[in-house]
Amino acid sequence: MTANDSSAAPSPMPLMQLATSFWSFKTLAAAHELGLFSHLSGTDGVTSEELSRQWRLHPRPVEMLLTGCASLGLLEKVDGRYRNSAMSEHYLVPGGERHFGGLVSMFDQRLYAGWDQLTRAVRTNRPTTWDPDKERSLFESADPQLLDMFWEAMHAMSSLTARTLGESVDLGRFRKLLDVGGGSGAFDIELCRQYPQLRASVYDLDFVTDMAKRYVAETDVADRVAAAPGDFFADGEFPGGHDLHLFSMVMHDWTEERNRELLRKSFASLESGGAVLLCELLVNDEKTGPAPAALMSLNKLVETEGRNYTSAEYFDWLTDAGFRDPRVEYFDAVGANGVVIARKP
């Protein structure tokens with residue numbers, strides 16, 4: 001086929017979709033920042049003319065924003081009036097238990113700028129969203145507003161992912177969970193709700209467990225979720241007395257060497273007969289996808305020292321640490337596509 005022979009050429013439309021994909025995200029981000037979804041919540045909708053008057057904005061951009069949101073399934077139009085879609089009403093209205101807005105804000109205000117420097121990250125092998133010469137990690141940023149945004153986003157993502165994990169893997173035989181790097185405690189809250197026999201401890205840095213206590217205190221499982229302050233790298237061993245260890249979206253933040261260290265500590269402190277769960281967006285063993293895992297791996301390039309790993313890599317690390325019978329269960333969730341499970345003899 002010659003350069004001018006277009007009869008057998010593939011369609012360029014996938015390239016166009018890739019090149020313009022940021023249009024969709026920025027439409028969502030702008031609508032969220034303007035408060036569109038909260039403005040429409042509980043109403044019978046608005047016309048573009050009404051919204052233009054209510055917001056005191058020019059009719060042209062208001063009509064274009066409403067049209068764009070409707071095209072993306074964020075709004076629906078009934079009898080000439082735009083209203084929230086079921087998805088937007090459930091996830092994008094502030095105050096909801098699984099409010100997704102923090103995630104949108106974090107992607108827009110933090111990650112969007114970091115991804116703009118992706119080429120630099122590839123060339124330097126250094127994150128672009130924080131300065132490793134000044135801070136130990138993104139989790140200890142000096143910007144409190146940024147941290148609040150990050151944790152709100154992570155709580156929403158983790159809550160949704162934890163629900164799917166608990167439905168996909170039977171945890172009925174376990175009694176005491178240690179959530180290593182457990183953040184806000186979202187996984188512990190959801191899993192304890194699904195499994196009445198389960199008690200959990202959030203094992204994370206002091207300021208993180210303080211935050212987790214606040215999240216947990218507002219739930220119906222506050223008496224079964226405790227805080228275990230610590231530093232999983234600096235501590236010589238993990239807290240004992242647990243028959244289940246969970247690493248939820250933790251391994252992708254660190255290098256292979258550090259992850260192997262975490263698994264060795266897990267094996268040493270886990271009760272015999274217990275199990276370890278690694279809940280992640282798993283790259284396939286051929287390292288050709290899937291796209292969410294592969295692109296999240298690039299997100300780790302701009303954010304951390306880690307990447308997204310394959311199940312085969314995790315199997316090797318787990319076996320070398322002493323665990324047995326590693327296996328993977330795949331599912332479809334916001335923050336993960338599967339969980340690697342292994343047992344301690």
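The legends below describe close-up views of a predicted model.

Residues are numbered from 1 along each chain as its sequence is written, and side-chain values use heavy atoms, with hydrogens and water left out. Because the model is predicted, local features need pLDDT of at least 70 and side-chain atom pairs count only at pLDDT 80 or more, whereas totals for chains, interfaces and linings use all residues.

**View 1. The surroundings of His252, the residue at which UniProt places an active site in an unreviewed entry.** UniProt positions are given in the numbering used here, feature names are shortened, and annotations may be inferred rather than shown by experiment. His252 is found in the loop between β6 (244-248) and α12 (256-269), where helices (H or I, at least four residues) and strands (E, at least two) are DSSP runs numbered from the N terminus. With a relative accessible area of 7%, His252 is buried; buried means under 20% relative accessible area, exposed over 50%, and partly exposed in between, with a 1.4 Å probe and protein chains only. Leaving aside residues up to four places away in sequence, His252 touches Glu280, Lys300, Thr304, Gly306, Arg307, Asn308, Tyr309 and Tyr314, a contact being heavy atoms within 4.5 Å.

**View 2. The hairpin formed by β1 and β2.** Strand β1 (residues 75-78) and strand β2 (residues 81-84) run antiparallel and are joined by 4 bridges; two strands pair if DSSP finds at least two bridges between them. Leu75 stands opposite Asn84 in β2, and the bridge partner of Lys77 in β2 is Tyr82. The hairpin has 2 residues between its strands, and Asp79 in the turn has a positive phi of about 55°. Asp79 counts as exposed, at 77% relative accessibility.

**View 3. The span of residues 16-93, annotated by UniProt in an unreviewed entry as "domain: O-methyltransferase dimerisation".** The end C-alpha atoms of residues 16-93 lie 31 Å apart, and the span is 64% helix and 10% strand.

**View 4. The largest pocket and the residues that line it.** About 1,300 Å³ of space lies in the largest pocket. The elements that give two or more residues to its lining are α1 (13-19), α2 (21-34), α6 (86-91), α7 (101-115), α9 (144-168) and α13 (291-303), and α7 gives the most, with 6 residues. The lining holds 28 residues, of which Ser21, Phe25, Phe107, Trp115 and Leu295 lie nearest the centre of the pocket. These lining residues divide into 24 nonpolar, 3 polar and 1 charged, where Ala, Val, Leu, Ile, Met, Phe, Trp, Tyr, Cys and Pro count as nonpolar, Asp, Glu, Lys and Arg as charged, and the others, Gly among them, as polar. On a 1 Å grid over the protein atoms alone, a pocket is an open set of points where a 1.4 Å probe fits, with protein on both sides within 12 Å along at least five of seven lines, and lining residues have an atom within 4 Å of a point. Grid points are joined across faces, edges and corners, and a volume is the space filled by probe spheres set on the points.

**View 5. Backbone geometry at Pro290 and Asp325.** Most residues other than glycine have a negative phi, and most peptide bonds are trans. A cis peptide bond joins Gly289 and Pro290, with omega about -5°, and Pro290 lies in the loop between β7 (275-280) and α13. Asp325, a residue other than glycine, has a positive phi near 55° and is placed in strand β8 (residues 324-330).

**View 6. Two buried residues, Val340 and Leu263.** Val340, found in strand β9 (residues 338-343), has a relative accessible area of 0%. Not counting residues up to four places away in sequence, Val340 touches residues including Val276, Leu277, Leu278, Tyr314, Phe315 and Leu318. Val340 and Thr310 are 30 residues apart in sequence and 9.9 Å apart in space, C-alpha to C-alpha. Leu263, in helix α12, is likewise at 0% relative accessibility. With the same neighbours in sequence left out, up to four places away, Leu263 touches Phe247, Met251, Leu278, Trp317, Leu318, Ala321 and Phe323. The C-alpha atoms of Leu263 and Leu278 are separated by 10 Å, and these residues are 15 residues apart along the chain.
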